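Me: I would like to go through this structure in questions and answers, from single residues to the whole chain. Please give the criterion behind each term when it is introduced.

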Amino acid sequence: MLRAKALPVESIDADVRALAADLLDTLAAADGVGLAAPQIGVERRVIAVHPPPPADGSDRPEPSVYVDPEI
């Protein structure tokens, strides 16, 4: 599954919003820093990230969801 090319998101609809919420919930439950839709069996280009707290002791950034991200 992780080797398959994920499909682009055509529009942000209720399904994509539900996927984003599921990614954030799963990420929080695992106390992770990043999770992509293909990692939970969904071949869509959606990722959730929650960076760790900065070394200076300031607050951890809020989690974010990216749709069709490009590097």
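**Residues, sheet and chain**

Reply: R17 has its place in helix 1, where helices (H or I, at least four residues) and strands (E, at least two) are DSSP runs numbered from the N terminus. This is a predicted model, in which local features need pLDDT of at least 70 and side-chain atom pairs count only at pLDDT 80 or more, whereas totals for chains, interfaces and linings use all residues. Residues are numbered from 1 along each chain as its sequence is written, and side-chain values use heavy atoms, with hydrogens and water left out.

Me: Is R17 buried or exposed?

Reply: Buried means under 20% relative accessible area, exposed over 50%, and partly exposed in between, with a 1.4 Å probe and protein chains only. R17 has a relative accessible area of 54%. R17 is therefore exposed.

Me: What distance separates the C-alpha atoms of R17 and D56?

Reply: Along the chain, R17 and D56 are 39 residues apart. In space, their C-alpha atoms are separated by 33 Å.

Me: Which elements make up the protein chain, and in what order do they run from the N terminus?

Reply: The protein chain holds one helix and three strands. Read from the N terminus on, these elements run α-β-β-β.

Me: How are the three strands ordered in the sheet?

Reply: Two strands pair if DSSP finds at least two bridges between them. Strand 1 and strand 2 are antiparallel and share three bridges, while four bridges join strand 2 to strand 3, also in the antiparallel sense. The three strands form an open sheet, and their order is 1-2-3.

Me: Which are the edge strands?

Reply: An edge strand of this sheet pairs on one side only. That applies to strand 1 (34–36) and strand 3.

Me: What angle does the direction of helix 1 make with that of strand 2?

Reply: Helix 1 (residues 14–30) packs on the sheet and touches strand 1, strand 2 and strand 3, contact meaning heavy atoms within 4.5 Å. Axes are lines fitted to C-alpha atoms, for helices over the stretch in contact, and angles run from 0 to 180 degrees between N-to-C directions. The angle between helix 1 and strand 2 is about 35°.

Me: Which residues of strand 2 point to one face and are buried?

Reply: In a regular strand the side chains alternate between the two faces of the sheet. Strand 2 shows this alternation, with I47 and V49 pointing to one face and not buried. The residues that point to the other face and are buried are V46 and A48.

Me: Which residue of strand 3 stands opposite A48?

Reply: A48 is the bridge partner of L35 in the pairing with strand 1. In strand 3, the residue opposite A48 is V65.

Me: Why does H50 count as buried?

Reply: H50 is found in the loop between strand 2 (46–49) and strand 3 (64–67). Leaving aside neighbours within four places in sequence, H50 is in contact with several residues, including L27, V33, R60 and P63. H50 counts as buried because its relative accessibility is 18%.

Me: Why does D31 count as exposed?

Reply: D31 lies in the loop between helix 1 and strand 1. Although D31 is not a glycine, its phi is positive, at about 50°. Most residues other than glycine have a negative phi. D31 counts as exposed because its relative accessibility is 59%.

Me: What is the relative accessible area of D68?

Reply: D68 lies in the segment after strand 3. D68 is not a glycine, yet has a positive phi of about 55°. D68 is partly exposed, with a relative accessible area of 28%.

Me: What percentage of the residues in the protein chain is buried?

Reply: The C-alpha atoms fill a box of roughly 40 × 25 × 25 Å, taken along the principal axes. The protein chain has 71 residues, and the buried ones make up 21%.
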